[in-house]
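Colleague: Could you walk me through some of the labels used for this model? I'd like to set the values against their cut-offs.

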Amino acid sequence: MEALIPQIAQLLNQTLSPDSKIVHAATEALDRLSLFPDFPFSLISIASGGENQGQRIAAATYLKNFTRRNMNGDSPSSKASKEFRSCLVLTLLQVEPAVLKVLVEAFRIIVVAEFVKENSWPELVPELRSVIQSSNCINGGAQSQWNTINALTVLHAIIRPFQYFLNPKVAKEPVPPQLEQIAKEILVPLLAIFHHFVEKALSMRGKMEMESERILLIICKCMYFSVRSHMPSTLAPLLPSFCRDLFGILGSLSFDGTSTLEDGYLLRLKTGKRSMLIFCALVTRHRKYSDKLMPDITNCVSKIVKHSTNISKLDFLSERIVSLAFDVISHILETGPGWRLVSPHFSSLLDSAIFPALAMNEKDILEWEEDVDEYIRKNLPSDIEEVSGWKEDLFTARKSAINLLGVIAISKGPPVVTSSNSSAKASSKRKKVHFVCTCAHLWTINYISGGSIASELTMWMLLAWRIYYGVLMAYGSLQDFLKERNPGYTTTLVRTRVLPLYSLSMGLPYLVATANWVLGELASCLPQEMSADIYSSLLKALAIGDMGDISCYPVRASAAGAIAALLENDYLPPEWLPLLQVVVSRIDNEDDNESSVLFMLLSTVVEAGNENVAVHIPFIISSLVGAISKRIPPILEPWPQVVERGFAALAAMAQTWEDSVPEEFEQNDSSEKWRSGWATIARTFSALLQQAWLTPIQATEGEVSHTLPPPSCIDDASTLLRSIMRSVTETNVILELKILELLKVWADLIADWHAWEEMEDLSIFDSIREVVNLHTKFELKHFIVREMPSPPAPPVPQRSVIEGIGAFVSEAILQYPSATWRACSCVHLLLHVPNFSFETEGVKQSLVFTFTKEAFSHFRDIRFKPGALWKPLLLAISSCYLCYPDIVERILEKDEDKGFTVWASALGYISTSSFEPGLSAESEIKLIVMTLVKVIERLLGIIGDPGSGLLRDCFVSLMEAAIRLKEVQEEEEDEDDGAEAIDDADEETDDDNDEDSEDDEREETEEEFLDRYAKEALALENGMVVEEGDVEDQDQELELGMLDDFDLQRDVLSLIERHHVVLIQGQTLPPQLITGFLNIFPKYSLFFQHSR
């Protein structure tokens, strides 16, 4: 080890170099040295005694990554040795804080693998207990080699994994024995030390010791992780005294906005925040223990929420504590004892805590002016804006106060079943709650209901507007409350308290933006008769311009969010054209963020409007494409967000247009409008895709570059391309729209696309089907035949369109289940629908080779877990086998010993009735029958023993599949005759079920929720979960092209006629199967006489 240390230290120094080549070379050298057994020990030695902090942190970082790589796996080599574990823990207890922060991550990886999951580190807890007891801050001042903070950091790393339930397959998971041991041996004695440190910290008024504050914070974190999900038995009796210490810490905090965030006080604030999280965990998870503590917890947090009057002066952490205090009250209020505690103080809470938090303050105005996006994220959130960044910074006191007000509004208290006098008291309480729920109206400003607005902003009016801002925020919390009220109540509230703001010459942007948000929040309970007034007001807000130096972007963004919320709740406008006109007119502006929001709104409008919007699409499409094309980068780089959302909006428009076009055009003026409109849309889409795909790959001197454009928006762009192809009615249109050129680039893009987990891919598969259909109609040039580049380029043929598609499909076969289903369906389409000539057989053979190899590779991974995914993979190989059986057989035998037998056996199994989900589509069964006929013929030629089990199994499967195919064909004929009557009956049944479901609907209990998720987890582990969307993929008919002409009786009868001696007389077949087969095919009875 000593020999390695200097070399490793030098390489670690090189990894800190600004030169990327030096860093890369040093990293490769370290990777080679990592194979030596002493390598991790050398890293630990450098991390603790390196020549400088940079080198020590680099060693700790490399050790973390090294540990992560080597701890993944089940092999013995992935286990950390006892010597390494001891050495790492010893170092953790002594290193400096900067190194400790990184090195503890490596320790946590080992803890999870060996202590939490396997419980194979028995000495860890006793030894850590001994270290903590003898550490420098706890052993009474004696000299110690152990650092208390380091030791507690190690404890924190050990406890942290236990904050979550570890076994989702168990509905009620018991406390893990490791956590019980930690609580008994370390946490219980540590709480006594915690109490001592709290008393010491509170006695030092105005002074704070960094070390003591850090110890308090770490112990609080450990306790939080211990009780967040579980409750160790030894901790429960100590909760009252522990909570009293937390009350003391919270009581020492200042919320007047005058405290400076010095290091010690910052740690105290973090401890206060953690205390609030502990209260939340106790109230929500451990009612058995928290009910007795609830009065004291309520008293503590009630004092804190009243500091919301100073919210504009508070730093982030102080505001977060106030926010959590509101959350604790909300959780308390949802319990019976808590409701009785809090309900007498509703009015006080509203006056002194909730409404001060809701009212507008100086911080809001400053954020509006300096960071408008932050203002919107915090105060006007909507689904139309994607939340990004650190999520906790959105948990403001205002949001928590709004949530608490909503809880108060719908709270009814615990059920009361007592005497008449008690019932009268309960009724009185209900009336009081009702009064409190509607007390927001007391804050309504008189000028809203009538009268003129002063032209100048007086101080009184500014105060009034800030208060009314809080009133509007309060309205936004009453969604659930208003659902239970008469619709007329909501009508009055919106008409008299919200809509008048829009008639005030839009001179109050802060209030109008909040009013927009309120309408969006109340979308699910707005009466339909107000639709015209509401949309008129929101459109006015959406079209508002900036007011001098005051940006009105929050007004427009919140209006867009409100309109989107209304549409998603099926609250539709009386007219669609005005809405489209406003959105389209504002979408081409200089602000990319605003255009991005409007494109998202447009997508929602188009999807909600359907045919009502479709008629306008040809007239607005050019303006939208113009706005997008200006923002497409001229160089080969990823597109900005506004372009991506623009393409998403165009894709929604393309889909809506296709869904709205009549299936059969009639020769009249209406059909001509549809044709003309589709032609306009196709030309516009083609021009945009040409700019996006063809222009960037043109070199400056006119030579074509072989660099592909960025794969941005490939799914949405595929939708546009599909729409273009569907519009084609004549060959000249293909040339005019440059469809072939676009298809070449598109095929290359999807061939090199690997973002399976990040992006949607459904439209790509739909476009594959469309391009095959287009080729079938018009024989596209270079669809199958490779194009030879023009001189002076090297005479190397470029990839054809179908080869690019094949590369995409072959990779999709290996991806997530839905992609596998879709890709396998494309295998049949690509092999059987196009007409391959003798010259293009090589392309078809290449496709068969690739598809077989990838499908069999995926099947081998799941072969020991029979499930739904077997079917598409085995059927894909079947299609390949029907094309080139010799090629397929060679691949199967090469990839696995007796691979052909493995595949044939599995194919036979999925053909039987014992396979779930079974074969349902006629095309699937037809493909199975054809393949089994060919497999049986192959087995008859290579098997010398007529009694071969594989031959018998395949023939039995063939008989079952033939019976099933005949039954399905007959069922389809019967279904066509009775479909209309069944539909009418279903409509009546659905109406009855809808009425019944409203009565039967009830909220799921916690026990039912946990039990359901335990079953889901077990099914997931067993590979039995069907992903969303997979069911639709499973039910699709396969495109078999000319194979659809398969004659069941002709081919099966021919096989039996030629080989009945071996297949029937030489085998023992199930009598029931023979009977069923002959009932369907009586012509075959002659061959089965000796088997009955």
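Modeller: Gladly! Buried means under 20% relative accessible area, exposed means over 50%, and partly exposed is in between, with a 1.4 Å probe and protein chains only. This is a predicted model, so local features need pLDDT of at least 70 and side-chain atom pairs count only at pLDDT 80 or more, while totals for chains, interfaces and linings use all residues. Residues are numbered from 1 along each chain as its sequence is written, and side-chain values use heavy atoms, with hydrogens and water left out.

Colleague: Then why is Thr271 called buried?

Modeller: Its relative accessibility is 1%, and the label needs a value under 20%, so Thr271 counts as buried. Thr271 lies in helix α12, residues 263-285; helices here are DSSP runs of H or I with at least four residues, strands are runs of E with at least two, and both are numbered from the N terminus.

Colleague: What is Thr271 in contact with, leaving aside its neighbours within four places in sequence?

Modeller: Contact means heavy atoms within 4.5 Å. By that rule, Thr271 is in contact with Glu213, Leu216, Leu217, Cys220 and Ile249.

Colleague: And Ser275, what makes that residue count as buried?

Modeller: Ser275 has 0% relative accessibility, which is under the 20% limit, so the label is buried. Ser275 also sits in α12, and outside the residues up to four places away in sequence it touches Cys220, Leu246 and Leu250. Cys220 is thus in the contact list of Thr271 and in that of Ser275.

Colleague: How do you know that the buried residues of α5 are on the same side of the helix?

Modeller: In α5, residues 82-92, the buried ones are Phe84, Arg85, Leu88, Val89, Thr91 and Leu92. They cover an arc of only 160° around the axis, which puts them on the same side of α5; the arc is taken from the directions from the helix axis to the C-beta atoms. On the other side of α5, Lys82 and Glu83 are exposed.

Colleague: Which helices cover the buried residues of α5?

Modeller: The cover includes α3 (39-49), α4 (53-71), α6 (97-116) and α8 (148-159).

Colleague: Two of those are α4 and α6. Why are α4 and α6 called roughly parallel?

Modeller: They pack at an angle of about 15°, with their axes 8 Å apart. That makes α4 roughly parallel to α6, because angles under 35 degrees count as roughly parallel, over 145 as roughly antiparallel, 65 to 115 as roughly perpendicular and the rest as oblique. The axes are lines fitted to C-alpha atoms over the stretch in contact, and the angles run from 0 to 180 degrees between N-to-C directions. Among the residues that meet are Ile57, Ala60 and Leu63 in α4 and Val102, Ala106 and Ile109 in α6.

Colleague: What makes α29 and α32 roughly parallel?

Modeller: Helix α29 (residues 592-609) and helix α32 (residues 641-660) pack at about 15°, with axes 8 Å apart. With 35 degrees as the upper limit for the label, α29 and α32 are therefore roughly parallel to each other. The contact includes Phe599, Met600 and Leu602 of α29 and Ala648, Ala649 and Met653 of α32.

Colleague: How do you know that Pro638 is exposed?

Modeller: Its relative accessible area is 64%, against a requirement of over 50%, so Pro638 is exposed. Pro638 is in the loop between α31 (617-629) and α32. The C-alpha atoms of Pro638 and Pro711 are separated by 7.6 Å, although these residues are 73 apart along the chain.

Colleague: What is notable about phi of Asn119 and of Asp570?

Modeller: Most residues other than glycine have a negative phi. Phi of Asn119 is near 50°, a positive value, and phi of Asp570 is near 60°, also positive. Asn119 is in the loop between α6 and α7 (124-133), and Asp570 is in the loop between α27 (553-568) and α28 (577-587).

Colleague: Why is Asn119 called partly exposed, and why is Asp570 called exposed?

Modeller: Asn119 has a relative accessible area of 41%, which falls between the 20% and 50% limits, so it is partly exposed. Asp570, at 63%, counts as exposed, because that label needs over 50%.

Colleague: Finally, how many helices and strands does the protein chain have?

Modeller: The chain has 49 helices and zero strands, and 51% of its 1092 residues count as buried.
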